[in-house]
Amino acid sequence: MNIIQCEELSKSFGRRHALQRVTCAIDAEKIIGIIGRNGAGKSTLLNIFAGYIKPTTGSCKVFNENPFNNIQTAANMIFIDDRLSFSDYLSLEDILKMGADFYPNWQNELAYRMLDYAGIDLTAKHQQLSKGQLATFNLVYGLVSRCALTILDEPMNGMDEVIRTDFYRAILKEYLAFPRTFLITSHHLQEMESILEEILLMDEGSVIAHAPLDEFKEQLISLSGPSDALADLLSETEVYAQKIMAGMTSAIIDASKLFVSEEILRAKGITVSSLNASEVCKYLTSKKGSDIDAIFD
Amino acid sequence: MHVHLDGTTPIYIQIAEWLQHEIIADRLQADEKVYSQYQLAELFNINPATAGKGLTILLEEQLLYKKRGLGMFVATDAKERILMKRRNEILTKMAQEIVLEAKRLLVSDEELLVLIRKTQEGLA
C-alpha cells in the first residue's frame with residue numbers, strides 16, 4: 001500500500017529548479033533512506049510531503065490527499081529537522097506534554113526514559129540545549145509521536161558517534177515495536193544502511209534510483225586486473241569510473257551489462273568485487289570524469 | 001553478536017551464512033524452531049525485511065520448512081546437506097585452482113591427470 005504518491009512533481013524557487021518531474025511512490029511501513037549530494041532536492045521533496053510547501057507543477061498525494069495545509073496530514077505526519085523550534089517559555093517537560101495532547105499514539109514514558117539515557121534535563125528550555133542535545137531531543141520527539149509518516153531530515157546532525165549508534169538502534173526498535181514509514185536523510189549512509197529497507201537516490205532535482213537496498217548495491221560492480229585483459233570488456237559497457245596504474249586497470253561498471261562468468265574472468269586474472277551502498281551512490285551521482293585533481297591542473 | 005557485518009557482502013547473504021553456521025555447529029538442531037525475521041533484526045541491528053530475505057534463501061534450499069502460524073523450523077537433514085554442499089564448493093574451487101596453476105606452469109592435461117592418479121595411489 002502506498003502512503004505517498006507523486007507524479008511529475010516540479011518545484012522552482014525563482015529560476016532555480018529544485019525538483020524536476022519527480023514521480024515516485026512510498027510504501028507504508030518501510031524504513032527508507034533518502035540519499036543525495038548537497039542541493040539534490042531531498043529537503044524540498046520532504047517539505048512537499050510534509051505539506052509545508054506547494055509544488056510548482058505536478059501532483060503529490062499523502063494518505064490519498066493533497067498534503068498542503070491539510071489537517072489529516074499534520075495529524076499523521078511528523079517532520080524532524082534542525083529547524084524544529086518550540087516556544088521560549090516552555091520547558092522540555094511542557095513540550096512533551098503538548099506532544100502528548102496532540103499525537104494519539106504518543107509514548108510519554110518512553111520519551112522520559114530516552115532523554116534520561118541521553119542525560120538531558122527535562123526542566124531545561126529548548127534553546128538552552130547544545131547542538132547535539134537539541135538534535136537528540138528532536139529525534140526523541142519524532143520517535144515517541146509514533147506517526148504513520150515519520151520524516152527525519154538529517155536527524156543525527158551534531159550528535160556524537162556513541163549517541164548516533166544508539167539512536168539508529170532506537171529507530172529500529174521503535175519500528176519493530178510499532179511499524180510505520182520512516183523517511184530518513186543522512187550524509188552518512190554507511191552508518192544507517194543496515195536498518196534501511198529501501199534507498200531513494202536523488203541527483204540534481206530528480207529521483208535517479210529507488211530500490212531495495214541489496215538490489216541497489218548489486219547494480220554496480222568493480223573489476224580489476226591486467227589492462228589488456230580488461231580492454232575488450234570495458235569497450236562494450238558503460239564505465240562509471242576507471243583507474244589505470246602500471247598495466248593494471250580497475251573499473252566500476254553496470255553489473256547487468258557483464259555477460260561473462262566469474263570463472264572465465266578469474267582465468268584471465270580479473271577479480272570481481274562488490275561495492276558498498278555509499279560507493280554506489282557516489283558513482284551514480286558524480287559527473288563523469290569529474291575529479292578534484294582536475295581543478296589543480 | 002560474534003558476526004561482524006561487513007560492508008560489501010549483502011547482509012541477507014551474511015544472515016543466511018550465519019544461520020547455516022549455527023546449524024552445522026548444532027546450536028540450531030533438526031526440527032528446532034529458528035529465529036523469526038524480527039528476532040534476527042533485533043539481534044543483528046538490521047531491517048526485518050533484510051533478515052526475512054536471509055531466511056528465504058534457506059527456505060528455498062529446503063534447509064528450513066514452514067509450519068503454518070508457528071514459524072520456520074530446521075529441516076531434518078539440513079546439517080548433512082549443508083556439509084555436502086560446502087564440500088562440493090570447496091572441491092570445485094580447489095580443482096579450478098589446480099587446473100589454472102597447471103596451465104600457468106605449462107603442464108599438459110595428460111600430465112595433470114597422471115599426477116592426480118599418482119597422488120590418489122600414494123594416499124591409498
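This is a short tour of a predicted model, moving from a sheet in chain A to the place where chains A and B touch, and then into chain B.

**Stop 1: the six-stranded sheet**

Start by showing chain A as a cartoon. Look for an open sheet built from six strands, in the order 5-6-7-3-8-9, with mixed pairing. Strands in a sheet pair through backbone hydrogen bonds, and they can do so in a parallel or an antiparallel way.

Now select residues 77-80 (strand 5) and 206-212 (strand 9) of chain A. Each of these strands has a single partner, so one side of each is left without a neighbour in the sheet.

**Stop 2: a parallel pair**

Next, select residues 149-153 and 181-185 of chain A, which are strand 6 and strand 7. They run parallel, and five bridges join them. For a closer look, show A:Ile151 and find A:Leu183 of strand 7 standing opposite.

**Stop 3: helices on the sheet**

Select residues 131-144 of chain A to bring up helix 5. Helix 5 packs on the sheet, where it touches strand 5 and strand 6, and its direction makes about 170° with that of strand 5 of chain A.

Then try residues 277-285 of chain A, helix 11. This helix lies across strand 3 (31-36), strand 8 (198-203) and strand 9 of chain A, and it runs at about 25° to strand 8.

**Stop 4: a hairpin**

Select residues 239-245 and 248-254 of chain A, which are strand 11 and strand 12. Here the pairing is antiparallel, over six bridges. A:Lys243 makes a handy landmark, since you can see A:Ser250 of strand 12 opposite A:Lys243. The two strands form a hairpin with two residues between them. Click on A:Ala246 in the turn: its phi is positive, about 50°.

**Stop 5: where the chains meet**

Show both chains now. How many residues does each chain bring to the contact? Chain A gives 17 residues and chain B gives 16 residues. On the side of chain A, helix 6 (161-177), helix 8 (213-218), helix 10 (262-267) and strand 13 (271-274) give two or more residues. Helix 6 of chain A has the largest share, with three residues. By type, this side of chain A divides into seven nonpolar, five polar and five charged residues.

**Stop 6: a residue in chain B**

Finish by selecting B:Glu42, in helix 2 (residues 37-44) of chain B. B:Glu42 is partly exposed, because 17 other C-beta atoms lie within 10 Å, and a residue counts as buried from 20 or more and as exposed at 12 or fewer. Add B:Glu89, which is 47 residues away along the chain: the two C-alpha atoms are separated by 31 Å.

Conventions. Residues are numbered from 1 along each chain as its sequence is written. Chains are lettered from A and ligands numbered from 1 in the order in which they are written. This is a predicted model: local features need pLDDT of at least 70, side-chain atom pairs count only at pLDDT 80 or more; totals for chains, interfaces and linings use all residues. Helices (H or I, at least four residues) and strands (E, at least two) are DSSP runs, numbered from the N terminus. Two strands pair if DSSP finds at least two bridges between them. Two residues are in contact if their C-beta atoms, placed from the backbone, lie within 7 Å. Axes are lines fitted to C-alpha atoms, for helices over the stretch in contact, and angles run from 0 to 180 degrees between N-to-C directions. Ala, Val, Leu, Ile, Met, Phe, Trp, Tyr, Cys and Pro count as nonpolar, Asp, Glu, Lys and Arg as charged, and the others, Gly among them, as polar.
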